[in-house]
Amino acid sequence: KCAMCHNATGAGNVAMKVPSFKSPELVKASNADLIAATTNGKGKMPAYTGKLNDTQIKDVVAYIRTLQK
């Protein structure tokens with residue numbers, strides 16, 4: 001689901017104004033910030049509460065961190 005907007009590599013989608021996971025803003029974001037954005041949604045990004053459990057959301061954030069390297 002993430003790749004539809006964020007791209008399979010996390011590069012984002014310029015046309016949709018979706019930032020790259022490698023952008024300085026997202027690299028500096030705390031895990032808690034990324035968890036909150038995934039759980040509650042942010043901007044046009046939908047909330048994943050009820051779709052993913054807490055462990056799955058933490059796993060998503062851990063995966064995002066691997067894309068930032």
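Colleague: So helices are DSSP runs (H or I) of at least four residues, numbered from the N terminus. With that in hand, how many helices and strands are in the protein chain?

Modeller: This is a predicted model, and its protein chain has 4 helices and 0 strands. Going along the sequence, the pattern reads α-α-α-α.

Colleague: How compact is the protein chain for its 69 residues?

Modeller: Its radius of gyration is 11 Å, close to the 11 Å that the globule rule gives for 69 residues, so the chain is as compact as a globular protein of that length. If you drew a box around the C-alpha atoms along the principal axes, it would be roughly 30 × 25 × 20 Å.

Colleague: And what share of the residues is buried?

Modeller: Buried residues make up 29% of the 69 in the protein chain. As for contacts between residues with a separation of 6 or more, 37% of them join residues 24 or more positions apart.

Colleague: Let's look at a pair of helices. At what angle do α3 and α4 pack?

Modeller: Helix α3 covers residues 31–40 and helix α4 covers residues 54–67, and they pack at about 125° with their axes 9 Å apart. The two are therefore oblique to each other, since that word is used for angles that are not under 35, not over 145 and not from 65 to 115 degrees. Their crossing is right-handed.

Colleague: Which residues make that contact?

Modeller: From α3 you have Asn31, Leu34, Ile35, Thr38 and Thr39, and from α4 you have Ile57, Lys58, Val61, Ile64 and Arg65. Sorted by class, the contact has 5 nonpolar, 3 polar and 2 charged residues.

Colleague: Thr39 is on that list. Is threonine 39 buried or exposed?

Modeller: Threonine 39, which sits in helix α3, is buried, with a relative accessible area of 18%. The cut-off for buried is under 20%, so 18% makes it in. Leaving out residues up to four places away in sequence, threonine 39 touches Ala47, Tyr48, Thr49 and Ile57.

Colleague: Which other residues of α3 are buried?

Modeller: Along with Thr39, the buried residues of α3 are Leu34, Ala37 and Thr38. What covers the buried residues of α3 includes α2 and α4. Just after α3 comes glycine 41, which takes a positive phi of about 85°.

Colleague: Is there a positive phi in residues that are not glycine? Where is asparagine 7, for instance?

Modeller: Asparagine 7 lies in the loop between α1 (3–6) and α2 (24–28). Although asparagine 7 is not a glycine, its phi is positive, about 75°. That is worth pointing out because most residues other than glycine have a negative phi. Asparagine 7 is partly exposed, at 36% relative accessible area.

Colleague: And what about lysine 17?

Modeller: Lysine 17 is not a glycine either, and its phi is positive at about 60°. You'll find lysine 17 in the loop between α1 and α2. With 75% relative accessibility, lysine 17 counts as exposed.

Colleague: New topic: which loop holds alanine 29, and what does alanine 29 touch?

Modeller: Alanine 29 is in the loop between α2 and α3. Setting aside residues up to four places away in sequence, alanine 29 touches Leu34 and Arg65. Alanine 29 is buried, with a relative accessible area of 15%. You have met both partners already: Leu34 of α3 and Arg65 of α4 take part in the contact of those helices.

Colleague: Last one. Where is threonine 66?

Modeller: Threonine 66 is in helix α4, and at 45% relative accessibility it counts as partly exposed. Along the chain, threonine 66 and lysine 28 are 38 residues apart, and their C-alpha atoms are separated by 14 Å.

Conventions. Residues are numbered from 1 along each chain as its sequence is written. This is a predicted model: local features need pLDDT of at least 70, side-chain atom pairs count only at pLDDT 80 or more; totals for chains, interfaces and linings use all residues. Side-chain values use heavy atoms; hydrogens and water are left out. Axes are lines fitted to C-alpha atoms, for helices over the stretch in contact, and angles run from 0 to 180 degrees between N-to-C directions. A crossing is left-handed if the near helix is turned anticlockwise from the far one by less than a right angle, and right-handed if clockwise. Contact means heavy atoms within 4.5 Å. Ala, Val, Leu, Ile, Met, Phe, Trp, Tyr, Cys and Pro count as nonpolar, Asp, Glu, Lys and Arg as charged, and the others, Gly among them, as polar. Buried means under 20% relative accessible area, exposed over 50%, partly exposed in between (1.4 Å probe, protein chains only). The radius of gyration is taken over C-alpha atoms; the globule rule is 2.2 Å times the number of residues to the power 0.38.
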